[in-house]
Amino acid sequence: MAKRTFSTLEMFLIFLLVMMTAITVALLSLLFITSGTIENHKDSGSHIFPSTQGPMATQSSTAPQAPAATQATHGPTATQASSVTRTPEPPLFQNFSGYHIGVGRADCTGQVADINLMGYSKNGQNARGILTRLYSRAFILAEPDGSNRVLFVSIDIGMVSQRLRLEVLNRLQSKYGSLYRRDNVILSGTHTHSGPAGYFQYTVFVIASEGFSNRTFEYMVTGIMKSIETAHTNMKPGKIFINKGNVDGVQINRSPYSYLQNPQSERARYSSNTDKEMIVLKMIDLNGDDLGLISWFAIHPVSMNSSNHLVNSDNVGYASYLFEQEKNRGYLPGEGPYVAAFASSNLGDVSPNILGPHCINTGESCDNANSTCPIGGPSMCMAMGPGQDMLDSTQIIGQTIYQRAKELCASASREVTGPLASAHQWVNMTDVTVWLNSTHTAKTCKPALGYSFAAGTIDGVGGLNFTQGKTEGDPFWDTIRDQLLGKPSEEIKECHKPKPILLHTGELSIPHPWHPDIVDVQIITLGSLAITAIPGEFTTMSGRRLREAVQAEFSLYGMQNMTVVISGLCNVYTHYIATYEEYQVNSLALCVHSLSKYFLFQDTVANLSKGPEPPFFKQLITSLIPNTVDRAPIGRTFGDVLQPAKPEYRVGEVAEVVFVGANPKNSAENWTHQTFLTVEKYEATSASWQTLYNDASWETRFHWHKGLLGQSNATIQWHIPDTAQPGIYRIKYFGHNRKQDILKPAVILSFEGTSSAFEVVTT
């Protein structure tokens, strides 16, 4: 091999990376306590079909509260179960056929400024406002006598982190005892790429998040708990109906060349390289009144691309928004009794950007094995959605998903009946032998990230022009890695062949392990429906194989025609899970192997061991963005109008007002207001202002513009819909500013701003 010579640019990059590393090490020495940093959570309940054990001693946690400004990032501390205040179980009416059903929804948005958005791992893509709120949607199902129950929670976040799940389980045990446990609780992320990061504990995700945000973590946990508490309180007898149907025109496979590596005989059994089937659960009470809906469908919520800076729930969130607005007429978004969740499935290689990849500099197609352009390379190759822009594409895809779910819900007639059951096990993914086929086995190894990972996808390319499908390393980047992090072992390199390793995360442990070793494997059943909780992103063919494997295991025990749901992004994140042919890794086989143990190796699931408990780390890297005091311009106060609304607007136009602002992240600490904005209409009959829109409404935008020395502006837009009634309107701004006097702790103060009244007229 010819000797590699480094260009001036490459030498500069080496110098820059070394300097950055030195700075990072210095910061870590200030931020970390290197001893006593791991606590193991105690078992949060039994893992049997059904539960008969009482609560076990566990780590305590306080009831959900708004996070304090100075709260430290510590895990729970051990306590005796007897000291925990528990909520008594209300009596359940038992003489009926069906299930007790409870639904609940709560805000879990967190920070909308000074934090990275989670999903694209793009440096500089931090939040600067809000398009829609993020919600946790909880569904509790219990048998008539209350003996067994399951809890499914769909959350508008990128993925569920292990830390998030452990904390929620801990608080559930503190509040409800053994009623909600690790085996019967599934937490699933919708996988929006436009939600805040900062709620992880493993170092590779903490780095991607630019630090751990206890502010956002507490906001999310509190929201999840509130949605569960609402569902628990509102349980009533009801029935569940299931329906299935295809959704057309909203998907493409974003890794078609990887998909083609699967056997042709297997591919021939399917009409598409994506899973088009949507599964819908319709929930009603005994009077036939609607309670809620869960839909599972394989699609990436990446209609909003990596240039977006507004927190939002993307296409599946828009589908939930439309469904809930229709069912909760007269309520503002995020309010009302009906709850509709559009949960994730085997979406790993599925994109909503259906016009496919094109070179953004030339317009030509880059639909090739490496997703690269002749001019500019892979960084120029991006997939396009069906709309005029990303907002339009989000609406088009979300509207189609919503409309199909509405049709399936209306025609659902097959009732779900039968017992509820659940099983869970923690599995150390780094040391398991699995069967690849009838003659060959393979052993799993420690995790690592390859060069293709750094390349990103056609929905969001990486920042350093890496190429997808790369099967060889690069001496330049290998040298940088070896100097900064050490060389990967021969064992891990051999195990991951043919994938070249960029980051040997499984062998890195400073300041904490970079990747999880212990992963949740879980399944719950409702009669003939099985929901598999998958800790990552299954590809299309991976999902198909898992469904078949689980169905085959059920059949061995006389349970024919089981419907198996792949519920993605659950409990802990382990990246993509592909078939052996697609990436020559063993993660899919291990999931099949682990789920099969529930049937093959146990007389009853009551004998299934819980497995090794995952850690809960203390002293995480805090956000590198400091908290600063907010300041208003001289002669101004927070909430003052800088740019007023025009006196008159027509429907279809955009009303815009600019206010003296303060950092929106303060509002994640002080919950005086539940929205950053309202659009209000004057009602002459009552001589009062009626709120018609808030910051969860699709028609509004809240932009935050950060200035110098603590000064900032807030721009509020109302995209006036065709349905707006003529009349007098105004826009209000709600915020919180951080104030700190000398030698005194900082305080968070609320404020409001109001625009002048303006008139809306029809065309």
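**Long-range contacts, a four-stranded sheet and a buried binding site**

Among contacts in the protein chain between residues at least 6 apart in sequence, 77% join residues at least 24 apart. This comes from a predicted model, and the protein chain in it carries 14 helices and 42 strands. Of the 763 residues, 56% are buried. The surface that the protein chain exposes comes to about 30700 Å², with carbon and sulfur atoms supplying 54% of that area.

One concrete case of sequence-distant residues meeting is Ala668, which sits in the loop between strand 35 (654-661) and strand 36 (677-683). Its C-alpha atom is separated by 5.8 Å from that of Gln111, although the two residues are 557 apart along the chain. Ala668 has a relative accessible area of 2%, so it counts as buried.

Next comes an open sheet. Four strands make it up, in the order 20-27-28-30, and the pairing is mixed. Strand 20 (420-428) and strand 30 (563-567) take the edges; each has a single partner strand, so one side of each lacks a neighbour in the sheet. On average, and with direction ignored, neighbouring strands here are turned by 15 degrees against each other. Strand 20 pairs with strand 27 (residues 518-526) in the antiparallel sense over nine bridges, and Leu420 finds its bridge partner in Leu526 of strand 27.

Two helices pack on this sheet. Helix 2 (residues 162-176) touches strand 20 and strand 27, and its direction makes about 55 degrees with that of strand 27. Helix 12 (residues 540-556) touches strand 27, strand 28 (529-533) and strand 30, with its direction at about 140 degrees to that of strand 30.

As for annotated positions, an unreviewed UniProt entry lists His191, His300, Glu537 and Tyr576 under "binding site". These residues are spread over 386 residues of sequence, yet they cluster in space, the largest C-alpha distance being 12.6 Å. His191 lies in the loop between strand 9 (185-189) and strand 10 (195-196), while His300 belongs to the loop between strand 14 (290-296) and helix 7 (314-327). Both histidines are tucked away: His191 is buried at 2% relative accessibility, and His300 is buried at 0%. Leaving aside neighbours within four places in sequence, the contacts of His191 include His300 and Glu537, along with Met159, Leu347 and Leu569. On the same basis, His300 touches His191, Glu537 and Tyr576, and its other contacts include Arg254, Asn315 and Leu347.

Aromatic rings round off the picture, with 24 aromatic pairs in the structure. In one of them, the ring centres of Phe323 and Phe342 are 6.3 Å apart and the planes stand at 50 degrees, so this pair is tilted. The pair links distant parts of the chain, given that Phe323 is in helix 7 and Phe342 is in strand 15 (residues 339-343), 19 residues apart. Phe323 is buried at 2% relative accessibility, as is Phe342 at 3%. Phe476 and Trp477 have ring centres 4.8 Å apart and planes at 75 degrees, so theirs is an edge-to-face pair. Phe476 is buried at 3% relative accessibility; Trp477 has a relative accessible area of 17% and still counts as buried, because the cut-off is under 20%. Elsewhere, Phe638, Phe659, Phe676, Phe702, Tyr733 and Phe751 form one aromatic cluster.

How values were computed
Residues numbered from 1 in each chain as written. Predicted model: local features only at pLDDT ≥ 70, side-chain atom pairs only at ≥ 80, totals over all residues. Heavy atoms only, no water. Pairing = 2+ DSSP bridges. Axes fitted to C-alpha atoms, helices over the stretch in contact; angles between N-to-C directions. Contact = heavy atoms within 4.5 Å. Buried < 20%, exposed > 50% of the residue type's maximum accessible area, 1.4 Å probe, protein only. UniProt positions renumbered as here; feature names shortened; annotations may be inferred. Areas by Shrake-Rupley, 256 points an atom, 1.4 Å probe, with all protein chains shown as cover. Phe/Tyr/Trp six-rings, centres within 6.5 Å; stacked < 30°, edge-to-face > 60°.
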